[in-house]
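Please open the structure in a viewer and keep the selection panel at hand. The tour below proceeds from one selection to the next and describes what is found at each stop.

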Amino acid sequence: MNGVYKMKSLEELETLLKVKCNFDERIITGIWTTDCLYNPPMNGRIFKYKYIIVQTASGQGCAYCTNQSYNPDYLESLIGQDCLYAKITDTAIKVACLDALASRVTYGLNFKVLELNGNSCCKLHARTDLILEEAFNLFGDLHSKKVINIGVVGDIIKGFLNVGCDVIGSDYDSAIVGKKLFNEAIVFNGNRTLELLKEVDLAVVTGMTITTHTIDAIIDKCKEYNVKLIVYAETGANMGQYYVNRGVNTYLGEMYPFYIFNGISTIVVTKSEGSNV
């Protein structure tokens, strides 16, 4: 690194927020977890996740969890604490805390706010259409473009296949690793993600990579290999300005409640400088 330390993204974001946010804004007023068991159409598996919500006086943040069991007494003990200075070792809780405040970090980047309305199936397809629209905005013609979906969602893979892309997936779920979705898209083990970026034109990445601490390496490799990067984020939905400034091309922040809930979902699309909203 030639003696130059590059701050990790969550570390840098926390440092920025300690300057931007006053004490009253940082107090945790609510925190809860939810177990998610959901089988969206054309996905090839049941999603089995836990996510955590943190509310502060100024905002609300979310993160999907790697820890599947939280002590309720511990969560209760965080109520009333400063979310940036409390002793929090769990990454998902930390990410949700940062996400609750992250909208305070802005760089004047282009963004638009969209609403999806309907049942979860309709909104799943609508979200895929949004991702495809942003990919068209980056490339124009998508035919024969090579795409990797990091954190596999079957509907996203199917959408890119339908417009003539060559698609692969990367995931740690043993239920789909090694399979060929729709008889075309091979799903590789997630430990090969960075090397697979050498082979593609576009990476479409889940916000869960923030919790797993892989987002920084993905951004760096995409820059190195000249790969365009779209992030769709339920985890870290408010972090679009920060991560686009760090190197993401397009960031779709999906606010809680997500598309898996019937009704209205809000998505904030943030783009790099020079991109049209």
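Which residue of strand 12 stands opposite Glu254? Select both strands to find out, bearing in mind that this is a predicted model. Glu254 faces Ile267 of strand 12.

**Stop 1: strands 11 and 12**

Strand 11 covers residues 250–254, and strand 12 covers residues 263–271. The two run antiparallel and are joined by five bridges. Colour strand 11 by residue. Thr250, Leu252 and Glu254 point one way, while Tyr251 and Gly253 point the other way, and all are buried. In a regular strand, side chains alternate between the two faces of the sheet. Because five of the five residues of strand 11 are buried, the rest of the structure largely encloses this strand.

**Stop 2: strand 10 and the way back to strand 11**

Next, add residues 228–233, which form strand 10. Strand 10 runs parallel to strand 11, and four bridges join them. Within this pairing, Tyr232 has Leu252 as its bridge partner in strand 11. Follow the chain from strand 10 through helix 10 to strand 11: this β-α-β crossover is right-handed.

**Stop 3: strand 9**

Select residues 202–206, which make up strand 9. Strand 9 pairs with strand 10 in the parallel sense over five bridges, and the partner of Thr206 in strand 10 is Tyr232. Are the faces of strand 9 covered or open? Both are covered, with Leu202, Val204 and Thr206 buried on one side and Ala203 and Val205 buried on the other.

**Stop 4: strands 5, 6 and 8**

Extend the selection to strand 5, residues 146–150. Strand 5 pairs with strand 9 in the parallel sense over four bridges, and Ile148 has Ala203 of strand 9 as its bridge partner. Strand 5 also pairs with strand 6 in the parallel sense, over five bridges. Here Val147 is placed opposite Val167 of strand 6. Between these two strands the chain passes through helix 6 (residues 154–162), in a β-α-β crossover that is right-handed.

Strand 6 itself spans residues 166–171; five of its six residues are buried, so the rest of the structure largely encloses this strand. Now show residues 185–189, which form strand 8: this strand runs parallel to strand 6 and is joined to it by three bridges. Ser170 stands opposite Phe188 of strand 8.

**Stop 5: helix 5**

Move to residues 120–139, the 20 residues of helix 5. From its first C-alpha to its last, helix 5 reaches 29 Å, close to the 28 Å expected at 1.5 Å a residue. At the start of the helix, a side-chain oxygen of Asn119 comes within 3.2 Å of the backbone nitrogen of Cys121. After the helix comes Gly140, with a positive phi near 85°. Which residues of helix 5 are buried? They include Leu124, Arg127, Thr128, Leu130, Ile131 and Ala135.

**Stop 6: the nonpolar cores**

Display the side chains of Ile52, Ile93, Ala203, Leu229, Met239, Tyr243 and Tyr251, which touch the most other members of the largest nonpolar core, a set of 50 residues. Helix 4 (residues 91–101) contributes the largest share of this core, seven residues. Another core, of 38 residues, lies apart from it, and Cys62, Ile131, Leu252 and Val269 are among its members.

Return to Met239 and show its surroundings. Beyond its neighbours within four places in sequence, Met239 is in contact with residues including Leu13, Val95, Leu98, Ile210 and Tyr251.

**Stop 7: Asn238 and Lys94**

Select Asn238, in the loop between strand 10 and helix 10 (240–246). Asn238 counts as buried because its relative accessibility is 18%, and the cut-off for buried is under 20%. Leaving aside neighbours within four places in sequence, Asn238 is in contact with Gln60, Gly61, Asp99, Ala102, Ser103 and Met255.

Finally, select Lys94 in helix 4. Is Lys94 buried or exposed? Lys94 is buried, with a relative accessible area of 14%. Apart from neighbours within four places in sequence, Lys94 is in contact with Glu14, Cys83, Leu84, Ala86 and Ile88.

How values were computed: Residues are numbered from 1 along each chain as its sequence is written. This is a predicted model: local features need pLDDT of at least 70, side-chain atom pairs count only at pLDDT 80 or more; totals for chains, interfaces and linings use all residues. Side-chain values use heavy atoms; hydrogens and water are left out. A nonpolar core is a set of buried Ala, Val, Leu, Ile, Met, Phe, Trp, Tyr and Cys residues joined through side-chain atoms within 4.5 Å. Buried means under 20% relative accessible area, exposed over 50%, partly exposed in between (1.4 Å probe, protein chains only). Contact means heavy atoms within 4.5 Å. Two strands pair if DSSP finds at least two bridges between them. A crossover is right-handed if, with the strands pointing away from the viewer, the path from the first strand over the helix to the second runs clockwise. The expected span of a helix is 1.5 Å times one less than its number of residues. A polar contact is a pair of N or O atoms within 3.5 Å; within protein, one must be able to donate a hydrogen and the other to accept it, and residues adjacent in sequence count only if both atoms are side-chain atoms.
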